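Let's take a stroll through a protein model together. Have the picture open while you read, and follow along as we go from the whole chain down to single residues.

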Amino acid sequence: MNLKINNRFKSILGLLLLISLYFVAPVTAAQSDSTVVDTVAAVATTATTDSATVDTTAAAVVTDSSATTVSATAADGTAAAKVAEVKKIDPQVYKNFFYYLLLFLVACTIIAVIGKIHSVYVLTRKMNGKHNPLSNNNWQAALLFLFLIVFLAGIYYSYTVWGSWAWRDAVTEHGKEIDQMFIITLAITTFVLVVTHIILLTFTYVYRMRAKRMAYYYPHNDSIERIWTIVPAIVLTVLVLFGFFTWRSITNVPEELQKSALQVEVLGEQFQWHVRYPGADGKIGKRNYKLTTATNGYGIDFNDKNSWDDIRGGDIVIPVNKSVRFHIISKDIIHSFFIPDFRVQVNAVPGMTNYFQFTPTVTTEEMRDRMNDPKYDFIMLCNKICGSGHWNMAKKVVVVTEAEYKEWLSKQEKYFTEDLQKEFANNSPVEGVTTASVN
């Protein structure tokens, strides 16, 4: 046994010696590189001296000056090329690599040595009749209890530090209800998480296997079965009903409120968003994907006169404290209309229109003051992975006052441009279309 252990240690020492030789090799390489650099520098200096000598001689012999100058220039060029070739990877890179590799191997060796010492210790206690086969249980139980302390400290740290960093109050009326639902759910799940781990990891320590202690056989208990079945069922039912009624209060908007809200249509496609506002009539015109052309990429049906004054929005601009109803559609595949600060998320599905109506309560400027960030903006994102350009599907959302909104809207372009008017007039026999001026 001792012979095997010694042989293993000899192998480890031999391996460390071999790695040390590799570690020293880059130093030698660095010295060689420096020698080459010095040699090339000397060649360049010699070439420069020769060129000076040739230039001096050229003052006396004019006929040979051209040939000598060309020769000196070629020598300088060759020296410069050699210097450029020498510039390779810095030898320090090799030294760093082998240093950390050697450090890793030393750490592995230390761990292996500790393991061998522990093995020798166990064998010695067995030989002396003092070995306790249950001592490992005490060690593992103590480690699990230590993990419990670290785990609880991590939960506290997550709530106090990262919780305040990641959490912001919603800036919409319905967002307060969603936040309330989220906080209640989080409180319940955190309570269950903490209690179950305290019980689990404390029991592993208190009831660990020890000498002269027999485990109690406890196969079944109807009361415990009822408790851990009925209580979670009741809690989950309450949470599901809470979420259901909260969602209904958000999505089931009375018809009169739907009509009085500001209508905004958002079209998603790979990989951008288009925004359409109604004109003076307050109605958004129809759209038909079959009408999509190079000039009418949106596919707006201009046979519907309600579409003649529809407005193109570069950003999503909405007035504060005014209900806004979004018509969410898709041109190609499924996207997701997602504004985190507003607690809004609805899928944009091809062939159908989804709706989401909400009322913003904080302007962009007020939010910047609250965040102490003059560049902060609300952002609408696509929360459905839709292809290689998914990351780029973002649209700025600006919440302004009513007066600022009207001023902004008056400066936006119409979808029914002059080119589309001409195209539509040539292809449509509908009376009065040629006079549908949007200017």
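A quick word on terms first: helices here are DSSP runs of H or I with at least four residues, and strands are E runs of at least two, numbered from the N terminus. Keep in mind, too, that this is a predicted model.

With that in hand, look at the stretch 143-162: the span is 100% helix and 0% strand, and its end C-alpha atoms lie 27 Å apart. Where does that stretch come from? UniProt, in an unreviewed entry, places the feature "transmembrane region" at residues 97-123, 143-162, 182-207 and 227-247. Here are two of those spans side by side.

| Residues | Distance between end C-alpha atoms | Helix | Strand |
|---|---|---|---|
| 143-162 | 27 Å | 100% | 0% |
| 227-247 | 30 Å | 100% | 0% |

Now zoom out. The protein chain has 10 helices and 10 strands. Of its 439 residues, 28% are buried. If you take the contacts in the chain with a separation of 6 or more, 71% of them link residues 24 or more positions apart.

**Two sheets**

How are the strands arranged? One open sheet has five strands in the order β4-β10-β9-β6-β7, with mixed pairing. At its edges stand β4 (316-319) and β7 (344-348); each has a single partner strand, so one side of each is left without a neighbour in the sheet. From one strand to the next, the twist averages 20°.

Let's stay with β4 for a moment. This strand pairs with β10 in the parallel sense, over four bridges. Going residue by residue, Ile 316 has Val 397 of β10 as its bridge partner, while Pro 319 has Val 400. In a regular strand, side chains alternate between the two faces of the sheet. In β4, both faces are covered: Ile 316 and Ile 318 are buried on one side, and Val 317 and Pro 319 are buried on the other.

Another open sheet of five strands runs in the order β3-β2-β1-β5-β8, again with mixed pairing. Its edges are β3 (311-313) and β8 (354-358), each with a single partner strand, so one side of each has no neighbour in the sheet. Neighbouring strands here are turned by 25° against each other on average, ignoring direction. Strand β5 (residues 324-330) pairs with β8 in the antiparallel sense over five bridges, and Val 324 has Phe 358 in β8 as its bridge partner. Lying across β1 (262-269), β2 (272-277) and β3 is helix α9 (residues 402-410), which runs at about 105° to β2.

**The cores**

Which residues have the most contacts inside the largest nonpolar core? This core has 40 residues, and the answer is Tyr 277, Ile 316, Ile 318, Phe 326, Phe 337 and Phe 342. Strand β10 (residues 394-400) gives the most to this core, with four residues. Domain 1 (125-212 + 219-250) and domain 2 (261-426) both give residues to the core, so it lies between them.

Phe 326 is a nice one to click on. Leaving aside neighbours within four places in sequence, Phe 326 is in contact with Val 264, Val 266, Ile 316, Ile 318, Phe 337, Asn 354, Tyr 355, Phe 356 and Phe 358. Apart from this core lies another, with 10 residues, among them Phe 302, Trp 308, Phe 416 and Phe 424.

How values were computed
Residues numbered from 1 in each chain as written. Predicted model: local features only at pLDDT ≥ 70, side-chain atom pairs only at ≥ 80, totals over all residues. Heavy atoms only, no water. Core = buried A, V, L, I, M, F, W, Y, C linked by side-chain atoms within 4.5 Å. Buried < 20%, exposed > 50% of the residue type's maximum accessible area, 1.4 Å probe, protein only. Domains from an automatic or database assignment. Contact = heavy atoms within 4.5 Å. UniProt positions renumbered as here; feature names shortened; annotations may be inferred. Pairing = 2+ DSSP bridges. Axes fitted to C-alpha atoms, helices over the stretch in contact; angles between N-to-C directions.
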